[in-house]
Amino acid sequence: MQQGQPMIIMGEDAQRVKDKDAQEYNISAARAVAEAVRSTLGPKGMDKMLVDSMGDVTITNDGVTILQQMDIDNPTAEMIVEVAETQEDEAGDGTTSAVAIAGELLKNAEDLLEQDIHPTAVIKGFNLASEYARGEIDEIAESVDSADTDLLRSVAETSMTGKGAELDKDTLADLVVRAVQAITVEAEDGSHVVDLQNLKIETQTGRPASASELLSGAVIDKDPVQDGMPTDFESANVLLLNEPIEVEEADVDTSVSIEDPDQLQQFLDQEEEELRGKVDQIVESGADVVFCQKGIDDLAQHYLSREGILAVRRTKKSDLTFLKNVLDAPIVTDLDDLSANDLATGSIRRDADDELFYVEGGNSHGVTLLLRGSTDHVVDELERGINDAIDVVSTTVADGRTIAGGGAIEVELASRLRDYADSVEGREQLAVESFADALELVPRVLAGNAGLDSIDLLVDLRAAHEAGDQRAGLDVFTGDVVDTFDAGVVETAHAKEQALSSATEAANLVLKIDDIIAAGDLSTSGGEEEGGAPGGGMGGMGGGMGGMM
């Protein structure tokens, strides 16, 4: 106050939300994100259709894909999206579970805040519960041998179920496991390391998913630059080139005045000589096949074809990098320094029907998973599911621990957390119990998405676990409580630990905020829409998510 007048320290367009209003605002935004993906959880989860600003359509039930493509510009909501992204990066799967648990934690925390329990007590209780739960996961988890193909196949099938691979999950799971085992090496300390750089996924439409196959080496979806070129080599000298086989252009704009037709012919002859020189360098090196990342001039194509050299232009950078791993060859960037030592030996085969090149190196560990689907939308969703399955199986091989799925681990942890809560003093005990309640969201949502009675099934699950069956989970196809581990519903322990850790940290980060100060509206896009304060909805969230839900 200054002479009885308030001191203005914020701009006219600034917005400020404090105390309980700020907490309500943040919790509402975070819960909206969680509820947006909750219906996609589990084998019976529904899909979302996402239409971007260009009109491109994505149909998926993959949590991280949905959240990344939704037009979210609310700062709190974006913090929850980061949970899914972290889960995807660290574990490869479980993104929807992580986000749903984070949303449920905040919902339960809101009830505690209304009972005048301080946010710091809630945060401490959540941290205690998360640490205890992750320790219990390690105690419950069962070890897995990297050579146990059947168990790894169950892990892959569990990850893929409900993601567009339902009908052919047996075939695809087998391909995933074989692919991961092909690129797994044993470290000096006896642990197993999965080198995903030696695995590439290619997609092709027009055929069913059951026609997918695992191929040794690389698959290049390109055509020869000329039809007359040879396409099959038992043992070829292969050149990987990142330089155009074209006439070099001047760095600056130039103009040339020609007074005599002979001068024009001189220029043309000079260009031809330059191209001929580049081709001669390739021929002298002994190369039989050239995969070029850049362009190849028509005249150079003619010279290469005449020399019996197979040339492929505009090879994708990712394909060239993978060929480098498969063939154990360098990528040449300057033809002037080309020598026979820059070439690699490999077999080349052309599939005329699929219009693909199959490239295999002598001692390579690289493999290609060729996924097929009837349409672009089908194969795109299939690829997302296969990527998740590969990540999960890779994590299982490296981590060596598995747990029962179908909500079994969540119900078991909730039971143990309630027992643990009795030993926690103070108001943190209530937060630990709320954490346990939040974990049971997973079996409840699994049941609800399958059209089953979530309350009755949760009661049955609790009874089974109290009777000592810690692997009792939900079979969403029959509606029964079964030993999900024996039924083949198997998850990786690392993914569940990461989900609990990410969800807890995100929830605590939101709870710790008691003051929001924004220079404009409460969004991250800087748009002109108003309504950032609680009274006006959820700021950018309303427009961004309203278009999808």
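The following conversation goes through selected features of a predicted model.

User: What am I looking at, and how many helices and strands does the protein have?

Analyst: The protein has 17 helices and 21 strands. Both are DSSP runs numbered from the N terminus, with helices (H or I) of at least four residues and strands (E) of at least two. The model is predicted, so local features need pLDDT of at least 70 and side-chain atom pairs count only at pLDDT 80 or more, while totals for chains, interfaces and linings use all residues. Residues are numbered from 1 along each chain as its sequence is written, and side-chain values use heavy atoms, with hydrogens and water left out.

User: How many residues are there, and what share counts as buried?

Analyst: The protein has 549 residues, of which 50% count as buried. Buried means under 20% relative accessible area, exposed means over 50%, and partly exposed lies in between, for a 1.4 Å probe and protein chains only. The exposed area of the protein is about 25,800 Å², and carbon and sulfur atoms supply 43% of it. These areas come from the Shrake-Rupley method with a 1.4 Å probe; for residues, only the protein chains shown count as cover.

User: And what share of the contacts comes from residues 24 or more positions apart?

Analyst: Such residues account for 76% of the contacts with a separation of 6 or more. A contact means heavy atoms within 4.5 Å.

User: Let us turn to the sheet with strand 4. What is the strand order?

Analyst: The order is 4-17-20, in an open sheet of three strands with antiparallel pairing. Its edge strands are strand 4 (142-143) and strand 20 (490-492), each pairing on one side only. Two strands pair if DSSP finds at least two bridges between them. Strand 4 is joined to strand 17 (residues 401-404) by two bridges, and serine 143 has arginine 401 as its bridge partner in strand 17.

User: Which helix lies across strand 17 and strand 20?

Analyst: That is helix 6 (residues 149-160), which runs at about 90 degrees to strand 20. Axes are lines fitted to C-alpha atoms, for helices over the stretch in contact, and angles run from 0 to 180 degrees between N-to-C directions.

User: What about alanine 141: buried or exposed?

Analyst: Alanine 141 is buried, with a relative accessible area of 17%. This residue is in the loop between helix 5 (119-140) and strand 4. Leaving aside residues up to four places away in sequence, alanine 141 touches Arg401, Thr402, Ile403 and Ala493. Its C-alpha atom is separated by 9.6 Å from that of histidine 494, 353 residues apart along the chain.

User: Now the charges. How many salt bridges are there?

Analyst: The count comes to 31 salt bridges. The criterion is a side-chain nitrogen of Lys or Arg within 4 Å of a carboxyl oxygen of Asp or Glu.

User: Which residue forms a salt bridge with glutamate 142?

Analyst: Arginine 471 does, with the closest N and O atoms 2.7 Å apart. The pair links distant parts of the chain, 329 residues apart: arginine 471 is in the loop between helix 15 (454-466) and strand 18 (472-475), and glutamate 142 is in strand 4. Glutamate 142 is partly exposed, at 29% relative accessible area. Arginine 471 also meets aspartate 486 in a salt bridge, at 3.1 Å from N to O. Aspartate 486 is in the loop between strand 19 (480-483) and strand 20, 15 residues apart from arginine 471.

User: And which residue pairs with glutamate 440?

Analyst: Glutamate 440 forms a salt bridge with arginine 462, the closest N and O atoms being 2.4 Å apart. Glutamate 440 lies in the loop between helix 13 (428-439) and helix 14 (441-449) and arginine 462 lies in helix 15, so the pair ties together parts 22 residues apart in sequence. Glutamate 440 is buried at 2% relative accessibility, whereas arginine 462 is partly exposed at 33%.

User: Last topic: how do the side chains alternate along strand 2?

Analyst: In strand 2 (residues 48-51), Lys48 and Leu50 point to one face and are buried, while Met49 and Val51 point to the other and are not. Strand 2 pairs with strand 3 (residues 57-60) in the antiparallel sense over four bridges. Methionine 49 has isoleucine 59 as its bridge partner in strand 3, and methionine 49 is exposed at 52% relative accessible area.
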